[in-house]
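Here are my notes from a first pass through the model. Have the viewer open while you read, since most points are about particular side chains.

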Amino acid sequence: MTLTAHGKMQLYGALLLLPAAVLLAAFAYLPTIMTVINSLFLPGFRGEPAEFVGVENYQVLFDDPTFWQVARNNLLYALGTIPTSIALALGMALFVNGKLPGRGFVRMAYFTPTILPMIAAANIWMFFYAPQIGLFNSLLETLGFSGVNWLGDPSVALGSVIIMSVWKEAGFFMIFYLAALQSIPPELKEASDLEGTGRWSFFWRVTFPLLMPTTLFVLINSLINAVRVVDHLFILTKGGPNNATNLLLYYVYENAFSFFDRTTAATITVVILLVLAVVATLKFTILDRRTHYQ
Amino acid sequence: MNTTTTTAPRSRYVSVPSLETVAAWLLAVIWIFPLLYAFWAAFHPSEFMVNLEIFAPLTLENFTDAWSQAPFARYYLNTFALVTGVVFAQFVVCTLAAFAFARFPVPGKNVLFMLVLIQLFVFPEVLIVENYRIASELGLINTITGIGLPYVASAFGIFLLRQTFKTIPRELEDAARIEGCNWLEILWKVYVPLAKPTYLAYGLVSISHHWNNFLWPLVVTNSVESRPLTVGLGVFSAPETGVNWATVSAATLLSIAPLLIAFLLFQRQFVQSFLRAGIR
């Protein structure tokens, strides 16, 4: 059998794709499919076959108040981290894009948390949050206030975790805004200066709309991070107190590796996958249509 | 993009800093403070942790304590093996796939490419339970290969390299073919050298990602032999282990030092690589 030149190219291309395809199948597609299947079955005990139960696992999950608490936490975590870190990132970028004494240092200071592992960052913040000897409380006590149990009080703990996350993420998003700011033609500023436009209205009428694609890009990233990054919980709170800081992915980890309940873990994972599917759709429809000039 | 090449002109007279300058600096001090505090804590005896005495005696004891209480040398070795292995494997696998996507008429190419992009959203850590099972069936639990393998076929790497390869003019490829190069030689002699900046950017992002990664390595490792620094640090500084905080800060600095030093030295490249990698 002889192949045409085109057929040879096709075969060659397929061979080039093969390693990536095998790995993606093994660590992305197959696990996704298996997770969905597992969420529809109850495992059989002592070698009995698994029993198909349809959506029953989902009903059990949705009847569990802990799941709703964790889902609510994750929503609050997203609402707490995303707008704050994006606003800070934009502010930082505007600061270091202008003339500023010591600009190099300031930019480095903003960006440094990005380089740290989340675990190391959480270790450092543990010092600040510790009840008796922590820096925040000694500061409060010096000023004559009573200390706060930053990570132990269920009504404060999630807020404390959010603050640390904002600190960790803002500098990363700043970089993207900085790039976008530098791609804005200086002529626009000159023109607006000639017309006597104030800085404030220049920002809202020109800069901010031009930064829209970047904002959407950063938004997608931060949405993904809000579901994906839970490393700090391992150091700061372990999801406690009383699940007050538990987030969806951490709850999956707990169910799978502490409670050995793979079925519940699979069911929650499917919920996370659905959230990520919404984010992906958002990206591929809205974002790709709007970022025409990138 | 040239943020570091232009510096603000020095003013000849001392002026009152504007409100903006004050705000920018205040924010900068708040942002760098946690790290500075960790530095301070690591070099001072633990009894000075709270009252922050400027003239507290300096000590290296925290570092020797940390070093003796956990096998940091081993963790370094594991992390080093992990990041070099992952980055090398990613380069190979993603280059081949990106080359196919950029230049070959594979049937159903667009659908396949969309399928690859799904991995931008469905990360290995989201699928920890099933990935753990697959890793254990492959005998990869507690191995460095097990930590790295799920990340090798990186959608991000494939995407980035494909975009770069697509910008390379076909004429160069044709010239190489006239010289008698086969496809792999063309890839190696034309495409790879011209994509060097992309490899550098992707490599830096990948190194810092895998140096910092925690959840999947935590799940897949259960002993000192394969644990990377982050997991070692996480185990070491868990509140229930009762290690004192000065020692924990020393351990924290130990595990971030190489990356932090690299960042300080190559700050500009780092930032640019994040840019290059982020904007698609």
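Where is the place of F260(A) in chain A? Hold that thought; it gets its answer in point 1. Keep in mind throughout that this is a predicted model.

1. **F260(A).** This residue sits in the loop between α12 and α13 (262–290) of chain A. Its phi is near 50°, a positive value in a residue other than glycine. As for cover, F260(A) comes out at 63% relative accessibility and counts as exposed, because the cut-off for that class is over 50%. If you go through the backbone torsions, put this one on your list.

2. **N243(A).** Here is another backbone angle to look up: N243(A) has a positive phi of about 65°, although it is not a glycine. Its loop is the one between α11 (231–236) and α12 (248–257) of chain A. With a relative accessible area of 22%, N243(A) is partly exposed. The cut-off for buried is under 20%, so 22% does not qualify.

3. **Overall shape of chain A.** Now to the whole chain. Chain A has 13 helices and two strands. What radius of gyration does chain A have, against that of a compact globule of 294 residues? The globule would come out near 19 Å, but chain A has 24 Å. Along the principal axes, the C-alpha trace spans about 75 × 75 × 30 Å.

4. **A long C-alpha distance.** To put a pair of residues on those dimensions, try L139(A) and A5(A). Their C-alpha atoms are separated by 75 Å, and the two residues are 134 apart along the chain. L139(A) belongs to helix α6 (residues 135–142) of chain A. Its relative accessible area is 55%, which makes L139(A) exposed.

5. **Burial, contacts and surface.** Of the 294 residues in chain A, 52% are buried. Counting contacts with a separation of 6 or more, 65% come from residues 24 or more positions apart. The chain exposes about 13,700 Å², and carbon and sulfur atoms supply 67% of that area.

6. **T215(A), a buried example.** Is T215(A) buried or exposed? It counts as buried, at 15% relative accessibility. You will find T215(A) in helix α10 (residues 212–228) of chain A. Leaving out residues up to four places away in sequence, T215(A) touches I86(A) and Y177(A).

7. **Charges on chain A.** There are 16 positive and 16 negative charges on chain A, and their mean positions are 12 Å apart. Side chains of opposite charge can pair when their charged atoms come close. Over all chains, the count comes to seven salt bridges. The next points go through some of them.

8. **D193(A) and K189(A).** One of the pairs joins D193(A) to K189(A), with the closest N and O atoms 3.4 Å apart. Both residues lie in helix α8 (residues 186–194) of chain A, four residues apart, or about one turn of the helix. D193(A) is partly exposed at 45% relative accessibility. K189(A) is also partly exposed, at 30%.

9. **R177(B) and its partners.** Over in chain B, which residue forms a salt bridge with E173(B)? That is R177(B), with the closest N and O atoms 3.0 Å apart. The two residues are separated by about one helical turn, because they are four residues apart in helix α8 (residues 170–178) of chain B. R177(B) also meets D174(B) in a salt bridge, at 3.5 Å from N to O. That pair lies in helix α8 of chain B too, three residues apart.

10. **Exposure in the chain B network.** R103(B) joins in as well: R103(B), E173(B), D174(B) and R177(B) are linked in a network of salt bridges. On accessibility, E173(B) is buried, with a relative accessible area of 2%. R177(B) is partly exposed at 34%, and D174(B) is partly exposed at 35%.

Note on methods. Residues are numbered from 1 along each chain as its sequence is written. Chains are lettered from A and ligands numbered from 1 in the order in which they are written. This is a predicted model: local features need pLDDT of at least 70, side-chain atom pairs count only at pLDDT 80 or more; totals for chains, interfaces and linings use all residues. Side-chain values use heavy atoms; hydrogens and water are left out. The radius of gyration is taken over C-alpha atoms; the globule rule is 2.2 Å times the number of residues to the power 0.38. Buried means under 20% relative accessible area, exposed over 50%, partly exposed in between (1.4 Å probe, protein chains only). Contact means heavy atoms within 4.5 Å. Accessible areas come from the Shrake-Rupley method with a 1.4 Å probe; for residues, only the protein chains shown count as cover. Lys and Arg count as positive and Asp and Glu as negative; His and the chain ends are not counted. The place of a charge is taken as NZ of Lys, CZ of Arg, CG of Asp or CD of Glu. A salt bridge is a side-chain nitrogen of Lys or Arg within 4 Å of a carboxyl oxygen of Asp or Glu.
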